[in-house]
Amino acid sequence: MAATKLSELLGQPRGKKALFMAHMIAGYPTIADSVNVAKALVKGGADIIEVQIPFSDPMADGPTIAVASEDALKKGATVEKALGVIKKVAALGKPVVVMSYINPVYRYGISKFIATIAKNGASGIIVPDCPFDTKEGWELIASCQSAGIALIPVVSPGVPQERLATLAKSGSGFWYCTSRQGITGATSMFSSVLPRFVNLLRNTSDLPVAVGFGVKSRADVRKLSKFADIVIAGSVFVAEIRKHKSGIASLSKTLQKLL
């Protein structure tokens, strides 16, 4: 696979410091404001920007992100417009990882979708509800390999090692490990077996390990940084935008308080 901004970043020595991936929703609070959200996250110190395609049935998202996705759709966000946002966010210079449920990708056309995000500057994609060993999964794998897009596997503590070994054969970029079983942003209670599970991931493949779900404070980031290569947060930024009219302007400070 050809080098991308993501692979170049992950290949750089960084000592014991974990990278930070900030999550945003294309179209929230509006399509026009989405790039300003990304700019604020970059200014705040994000190493990677995760851009979510809004979807009407976000099964893995907690209420904060689910409501924000619904708001984005009500204000006219579409897959086509979201792809335009991805292009503008990628132009800011940081690696961009796209997050989408399989339905919008399938309806757009899997191979067309992957080719488009690659053309628009993305480095990877996360599709949490698409098993790799399905017809759609096989097409997704082939399309990502063809376009040079990292297909990032999503796992939770408790996934058997045999399943992890299967995912590792097709996954690339990094592991997206949830801090517990459940939905995003619901709580900061991390699974007690999380450090042990991360070690299991490291023993399964050479992929770096990113950990997210429920990251809301500097204490959370520091705790996860002890064993994760990448720490992920998203709901805390969406909540900041919703809470304050000047939320976008304050996002960089919100992120800096986490690091």
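How much area does the protein expose, and what share of it do carbon and sulfur atoms supply?

## Surface

The exposed area is about 11500 Å². Carbon and sulfur atoms supply 53% of it. Keep in mind that this is a predicted model.

Charged side chains come in two sets. The protein has 31 positive and 18 negative ones. The centres of these two sets lie 8 Å apart.

## Overall build

The protein contains 12 helices and nine strands. Its radius of gyration is 17 Å, close to the 18 Å that the globule rule gives for 259 residues, so the protein is as compact as a globular protein of that length. The C-alpha trace spans about 45 × 40 × 35 Å along its principal axes.

## Inside the fold

Of the 259 residues, 56% are buried. Now take the contacts with a separation of 6 or more. Residues 24 or more positions apart account for 73% of these contacts.

## Cysteines

How many disulfides does a search of the whole structure find? The count is zero. C130 is in no disulfide, and the nearest cysteine sulfur belongs to C144, 9.7 Å away.

Why is there no bond between C144 and C130? A disulfide needs two cysteine sulfur atoms within 2.5 Å. The sulfur of C144 is 9.7 Å from the closest cysteine sulfur, in C130, so the gap is too far for a bond.

Are these two cysteines buried or exposed? C130 is buried, with a relative accessible area of 6%. C144 also counts as buried, at 1% relative accessibility.

Note on methods. Residues are numbered from 1 along each chain as its sequence is written. This is a predicted model: local features need pLDDT of at least 70, side-chain atom pairs count only at pLDDT 80 or more; totals for chains, interfaces and linings use all residues. Side-chain values use heavy atoms; hydrogens and water are left out. Buried means under 20% relative accessible area, exposed over 50%, partly exposed in between (1.4 Å probe, protein chains only). Helices (H or I, at least four residues) and strands (E, at least two) are DSSP runs, numbered from the N terminus. The radius of gyration is taken over C-alpha atoms; the globule rule is 2.2 Å times the number of residues to the power 0.38. Contact means heavy atoms within 4.5 Å. Accessible areas come from the Shrake-Rupley method with a 1.4 Å probe; for residues, only the protein chains shown count as cover. Lys and Arg count as positive and Asp and Glu as negative; His and the chain ends are not counted. The place of a charge is taken as NZ of Lys, CZ of Arg, CG of Asp or CD of Glu.
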